[in-house]
Amino acid sequence: MEPRYADWRVALSSVEAIYLITETRDGRQYVGKADGADGALGRWVAYAADGHGGNVAMQELAKLDKQHPQRYQFSLLRVFGPATSALEILAAESHFKRALRSVEFRMNEN
């Protein structure tokens with residue numbers, strides 16, 4: 001990893017967040033939450049490593065097209081402090097799924 005991004009890695013690994021992954025070829029969007037031990041950085045690294053980060057819909061796309069992960073655009077929609085409750089983060093994730101219609105367009109399955 002490049003040293004010039006060290007500050008960004010520290011910042012992203014220390015926050016919980018709602019993120020958006022856009023498949024740039026067709027515009028489909030996936031909304032998720034990063035609330036694990038490595039925060040937003042941990043989720044970003046997981047998607048970059050295998051092309052799907054455990055997401056069922058993205059697993060199918062990754063099987064069909066090995067270059068698929070290179071067409072992801074990863075964006076943070078909302079960042080939370082360490083004292084934020086899990087319920088508040090879940091509610092924000094649900095809000096963005098509805099607002100961006102990611103369930104309707106089949107990237108989010110729940």
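**Exercise 1. The sheet**

Task: In this predicted model, determine the strand order of the open sheet and name its edge strands.

Solution. Start with the pairings of strand E1, residues 16–23. E1 and E3 pair in the antiparallel sense over eight bridges. E1 is also joined to E2 by six bridges, and these two strands run antiparallel. The open sheet of three strands therefore has the order E2-E1-E3, where two strands pair if DSSP finds at least two bridges between them. Strand E2 (29–34) and strand E3 (72–80) each pair on one side only, which makes them the edge strands. From one strand to the next, the twist averages 20°.

**Exercise 2. Bridge partners and the hairpin**

Task: Find which residues stand opposite Ala 17, Ile 18 and Leu 20, then describe the connection between E1 and E2.

Solution. On the E3 side, Ala 17 stands opposite Val 79, and the bridge partner of Ile 18 is Arg 78. On the E2 side, Leu 20 has Val 31 as its bridge partner. E1 and E2 form a hairpin with five residues between them. In the turn, Gly 27 has a positive phi of about 80°.

**Exercise 3. Burial of E1**

Task: How many of the eight residues of E1 are buried?

Solution. A residue is buried when its relative accessible area is under 20%. Seven of the eight residues of E1 satisfy this, so the strand is largely enclosed by the rest of the structure. Tyr 19, which lies in strand E1, is at 2% relative accessibility and thus counts as buried.

**Exercise 4. Aromatic pairs of Tyr 19**

Task: Classify the pairs that Tyr 19 forms with Tyr 30 and with Tyr 47.

Solution. The count of aromatic pairs comes to five. For Tyr 19 and Tyr 30, the distance is 6.3 Å centre to centre and the angle between the planes is 45°. Planes under 30 degrees apart count as stacked and over 60 as edge-to-face, so this pair is tilted. Tyr 19 in strand E1 and Tyr 30 in strand E2 are eleven residues apart, and both are buried.

For Tyr 19 and Tyr 47, the centres are 5.9 Å apart and the planes stand at 70°, so the pair is edge-to-face. Here strand E1 is linked to helix H2 (residues 39–50), across 28 residues. Tyr 47 is buried, with a relative accessible area of 2%. Tyr 19, Tyr 30 and Tyr 47 belong to one aromatic cluster that also includes Trp 44 and Phe 74.

**Exercise 5. Salt bridges**

Task: Describe the salt bridges Arg 28 to Asp 26, Arg 78 to Glu 88 and Glu 93 to Lys 97 by distance, location and exposure.

Solution. The count of salt bridges comes to six; the three in the task are treated in turn.

1. Arg 28 and Asp 26 meet at 2.8 Å, N to O. Arg 28 is partly exposed, with a relative accessible area of 26%, and Asp 26 is likewise partly exposed, at 41%.
2. Arg 78 and Glu 88 meet at 3.3 Å, N to O. Arg 78 lies in strand E3 and Glu 88 in helix H4 (residues 86–100), so the pair ties together parts that are ten residues apart in sequence. Arg 78 counts as partly exposed at 35% relative accessibility, and Glu 88 counts as partly exposed at 37%.
3. Glu 93 and Lys 97 meet at 3.7 Å, N to O. Both residues lie in helix H4, four residues apart, about one turn of the helix. Both Glu 93 and Lys 97 are buried.

Definitions and conventions:
Residues are numbered from 1 along each chain as its sequence is written. This is a predicted model: local features need pLDDT of at least 70, side-chain atom pairs count only at pLDDT 80 or more; totals for chains, interfaces and linings use all residues. Side-chain values use heavy atoms; hydrogens and water are left out. Axes are lines fitted to C-alpha atoms, for helices over the stretch in contact, and angles run from 0 to 180 degrees between N-to-C directions. A salt bridge is a side-chain nitrogen of Lys or Arg within 4 Å of a carboxyl oxygen of Asp or Glu. Buried means under 20% relative accessible area, exposed over 50%, partly exposed in between (1.4 Å probe, protein chains only). Rings of Phe, Tyr and Trp (its six-membered ring) pair if their centres lie within 6.5 Å; planes under 30 degrees apart count as stacked, over 60 as edge-to-face and the rest as tilted.
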